[in-house]
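Hi everyone, thanks for coming. I'd like to walk you through one chain today, so have a look at the screen.

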Amino acid sequence: MEAFELFERHVNPGLAGLLRFTGLDVVEDHAEGVYVWDKQGRRYLDFLGLYGTLSLGHRHPAVVEAVKRQLDKMPMSVRVMISEPTAKLAAKLAEVTPGGLSMSFFGNSGAEAVEAALKLARIHTGKPEIITTSKAFHGKTIGALSLTPKAEYQDPVRPLMPGVKVVPYGDAGAVEQAIGAQTAALIVEPVQGEGGVNVPPQGYLRDLRRITAERGVLLIFDEVQTGMGRTGRLWAADWEGVAPDLMTSAKALGGGVMPIGAAIGRAELFEPFKDNPLIHSSTFGGNPLAAAAALAAIEVTISEDIPARAAEMGAYLMGRLSHLAAEYPEMISDIRGIGLLIGIEFSDADIGAIVISELAARGVLTAFGLNNAKVVRLEPPLIITEEHVDEAVTALEESLSATREMLQGVL
Ligand SMILES: Cc1ncc(COP(=O)(O)O)c(C=O)c1O
């Protein structure tokens with residue numbers, strides 16, 4: 001049996017059905033840079049980049065080399081000795097994250113980074129409540145899911161973690177009102193990814209910093225999707241020069257080669273580890289292979305000024321997209337974003353789905369936001385060139401035109 005049918009039968013029939021609908025009932029084979037090839041040898045331009053993970057593209061040579069070197073030496077830590085790449089990665093993160101974040105806890109994913117931040121916040125404050133924002137996406141483990149207010153994901157597994165308050169995203173005043181005597185922390189994405197690429201009003205992050213500091217509440221920035229250059233700065237928080245108390249990173253932190261997640265925070269938040277070193281732990285978190293990948297990824301991101309590339313290519317892509325909303329007003333309601341985190345909002349999720357499948361038919365990969373099915377997001381590797389942008393925009397123009405033709409008389 002072919003891999004696609006095996007997946008459909010043994011892993012996730014619903015997802016296989018969705019992929020069939022988009023014409024992607026294919027099996028991936030290999031990838032390089034901004035391209036992926038399927039088993040039939042067909043090439044695809046990757047404008048999704050594993051939801052913001054592939055900032056350096058597929059198989060960046062410096063990251064692959066660092067991982068190979070570590071693989072030949074010692075891929076797994078024995079955990080009762082100190083792993084050099086893990087310790088060096090924590091030191092590097094202390095150097096490159098916003099002021100005062102000097103300690104790291106490592107997991108293997110974004111959700112694990114969020115879980116760690118949640119636990120550290122509760123332990124430090126001795127308070128149970130967390131404030132989250134509408135349309136937020138923080139992951140799907142029970143703790144992280146409790147902060148991800150989407151009924152479709154939450155309702156089937158209730159009861160969730162108690163003590164979560166949801167406030168509208170982008171409204172600092174609502175946070176001020178929601179803070180109570182039992183509030184431990186506010187968790188927020190500096191720009192929402194899965195919620196449909198929502199860029200908050202300027203000054204929002206600074207206001208949140210001021211309000212949480214005044215009220216003695218911890219501020220957690222979830223930079224799992226926005227970090228490592230995606231928005232045009234190394235961290236999206238850098239746009240407003242704001243340092244949170246805790247920050248989460250994952251996705252692109254592993255250089256597109258290894259999975260890793262990190263909760264990075266102020267030293268006092270990590271005090272509980274002094275008396276209780278195993279108060280939170282993970283067998284695989286920050287393992288030598290993943291840490292080697294992350295160290296190489298940070299080195300490449302900074303030495304090649306990848307954030308500046310994201311800003312430059314993002315401006316070019318936005319410029320090329322800007323006329324589309326005017327040309328297809330019956331289908332596109334908005335185009336928005338920052339750096340190379342860009343969303344195209346359709347008037348209807350079904351129209352977006354047709355455009356995604358038309359793009360796939362033209363060899364361009366994109367997807368919906370997990371918390372907003374009306375928005376198709378473009379998150380290409382940050383190493384793209386103008387030629388790649390032109391290739392994607394041409395395919396998009398053809399896809400929109402084909403969709404309009406298909407829907408003639410319906411809209
Ligand atoms: C902002 C944010 N936080 C957390 C997560 C969860 O990350 P993971 O899927 O690695 O658990 C995501 C995933 O999309 C995310 O975008």
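First, a word on domains: the bounds I use come from an automatic or database domain assignment. What we are looking at is a predicted model, in which local features need pLDDT of at least 70, side-chain atom pairs count only at pLDDT 80 or more, and totals for chains, interfaces and linings use all residues. Residues are numbered from 1 along each chain as its sequence is written.

The chain is divided into domain 1 (3-59 + 305-406) and domain 2 (61-303). Their C-alpha centres, those of domain 1 and domain 2, lie 26 Å apart. The contact takes 31 residues from domain 1 and 28 residues from domain 2, where two residues are in contact if their C-beta atoms, placed from the backbone, lie within 7 Å. Which element gives the largest share of the side of domain 1 that touches domain 2? That is helix 13, with five residues. By helices and strands I mean DSSP runs, numbered from the N terminus: H or I with at least four residues for a helix, E with at least two for a strand.

Let's stay with helix 13 and turn to a sheet. Four strands form an open sheet in the order 11-12-15-14, with antiparallel pairing; two strands pair if DSSP finds at least two bridges between them. Strand 11 (332-338) and strand 14 (367-369) are at the edges with a single partner strand each, so one side of each is left without a neighbour in the sheet. On average, neighbouring strands here are turned by 35° against each other, direction ignored. Helix 13 (residues 306-321) packs on this sheet, touching strand 11, strand 12 and strand 15 (372-378), and its direction makes about 170° with that of strand 11. For such angles, axes are lines fitted to C-alpha atoms, for helices over the stretch in contact, and angles run from 0 to 180 degrees between N-to-C directions. Helix 15 (residues 349-361) lies across strand 12, strand 14 and strand 15, at about 35° to strand 15. Strand 11 and strand 12 (residues 341-346) are joined by six bridges, and Ile338 stands opposite Leu341.

Now another sheet. This one is open, with seven strands in the order 4-10-9-8-7-5-6 and mixed pairing. Strand 4 (101-107) and strand 6 (164-167) are its edge strands. Strand 5 (residues 129-133) and strand 7 (residues 183-188) run parallel, joined by three bridges, and Ile130 has Ala185 as its bridge partner. Helix 10 (residues 204-215) packs on the sheet, touching strand 7 and strand 8 (218-222).

On to the interior. The largest nonpolar core has 114 residues: such a core is a set of buried Ala, Val, Leu, Ile, Met, Phe, Trp, Tyr and Cys residues joined through C-beta atoms within 7 Å. A residue is buried if 20 or more other C-beta atoms lie within 10 Å of its own, exposed if 12 or fewer, and partly exposed in between, with C-beta atoms placed from the backbone. Helix 12 (residues 288-303) gives the most to this core, ten residues, and each of domain 1 and domain 2 supplies at least three. Ala117 and Leu186 are among the residues with the most contacts inside the core.

Ala117 is also one of the buried residues of helix 6, where twelve of 16 residues are buried. Gly126, with a positive phi near 70°, follows helix 6.
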